[in-house]
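What follows is a walk through one protein chain, from the terms used to the overall shape and then to individual residues. Please keep the sequence and the coordinates open while reading.

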Amino acid sequence: MAVFEDAEVEALAVIDGSESRRVIGLLTASHVLRRYGEEIEKRRQEEVGLV
């Protein structure tokens, strides 16, 4: 999230490598937050024995 904040953007390009730097997709801040929330919930469930 720091990269999004530093760049002051809502989406970042995903590239295939540092040499060709071909854009292969976009990563949005909302997707990162959603996945982070899912992982936090998964860990919480593991800790209380629900998984």
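A residue is called buried when its relative accessible area is under 20%, exposed when that area is over 50%, and partly exposed in between. By this rule R35, with a relative accessible area of 36%, is partly exposed. The model in view is predicted, and the values below were computed from it.

Start with the chain as a whole. It has two helices and two strands, and along the sequence these follow the pattern α-β-β-α. The radius of gyration is 15 Å, whereas a compact globule of 51 residues would have one near 10 Å. The C-alpha trace spans about 45 × 20 × 15 Å along its principal axes. Buried residues account for 4% of the 51 residues. The accessible surface comes to about 4,400 Å², and carbon and sulfur atoms contribute 54% of that. Of the contacts between residues at least 6 apart in sequence, 17% join residues at least 24 apart.

Now to the N-terminal part. Helix α1 covers residues 2-7 and strand β1 covers residues 11-15, with E8 in the loop between them. E8 has a phi near 55°, a positive value in a residue other than glycine. Because its relative accessible area is 71%, E8 counts as exposed.

Strand β1 contains L12. Which residues does L12 touch, leaving out those up to four places away in sequence? They are V3, F4, A7, G25, L26 and L27. Even with these neighbours, L12 is partly exposed, since its relative accessible area is 22% and the cut-off for buried is under 20%. The C-alpha atom of L12 is separated by 21 Å from that of E39, a residue 27 places away along the chain.

The loop between β1 and β2 holds R21. Like E8, R21 has a phi near 55°, again a positive value in a residue other than glycine. R21 is exposed, at a relative accessible area of 59%. The next residue to look at is R22, whose side chain meets that of D16 in a salt bridge, with 3.3 Å from N to O. The two partners fall into separate accessibility classes: R22 is exposed, with a relative accessible area of 51%, while D16 is partly exposed at 36%.

Strand β2 takes in residues 23-28, I24 among them. I24 has a relative accessible area of 51% and is therefore exposed. Together with V14 and L27, I24 makes a nonpolar surface patch of about 220 Å². L27 thus appears twice in this account, as a member of the patch and as one of the residues touched by L12.

Helix α2 comes next, running over residues 29-47. Its 19 residues reach 27 Å from the first C-alpha to the last, close to the 27 Å expected at 1.5 Å a residue. Just after α2, G49 takes a positive phi of about 80°.

The structure holds five salt bridges, and several involve residues of α2. One of them joins R35 and E39, whose closest N and O atoms are 3.3 Å apart. Both residues lie in α2, four residues apart, which is about one turn of the helix. An α-helix has 3.6 residues a turn, so residues three or four places apart point the same way. E39 has a relative accessible area of 26% and so, like R35, is partly exposed.

A second bridge in α2 links R44 and E41, with the closest N and O atoms 2.6 Å apart. How far apart are R44 and E41 in the helix? Because they are three residues apart in α2, about one helical turn separates them. Both are partly exposed, R44 at a relative accessible area of 42% and E41 at 32%. In addition, salt bridges that share partners join R35, E38, E39 and R43 into one network.

Methods: Residues are numbered from 1 along each chain as its sequence is written. This is a predicted model: local features need pLDDT of at least 70, side-chain atom pairs count only at pLDDT 80 or more; totals for chains, interfaces and linings use all residues. Side-chain values use heavy atoms; hydrogens and water are left out. Patches are made of residues with over 30% relative accessible area and no salt bridge: like charges are joined within 9 Å, nonpolar side chains (Val, Leu, Ile, Met, Phe, Trp, Tyr) within 5 Å. Accessible areas come from the Shrake-Rupley method with a 1.4 Å probe; for residues, only the protein chains shown count as cover. A salt bridge is a side-chain nitrogen of Lys or Arg within 4 Å of a carboxyl oxygen of Asp or Glu. Buried means under 20% relative accessible area, exposed over 50%, partly exposed in between (1.4 Å probe, protein chains only). The expected span of a helix is 1.5 Å times one less than its number of residues. The radius of gyration is taken over C-alpha atoms; the globule rule is 2.2 Å times the number of residues to the power 0.38. Contact means heavy atoms within 4.5 Å.
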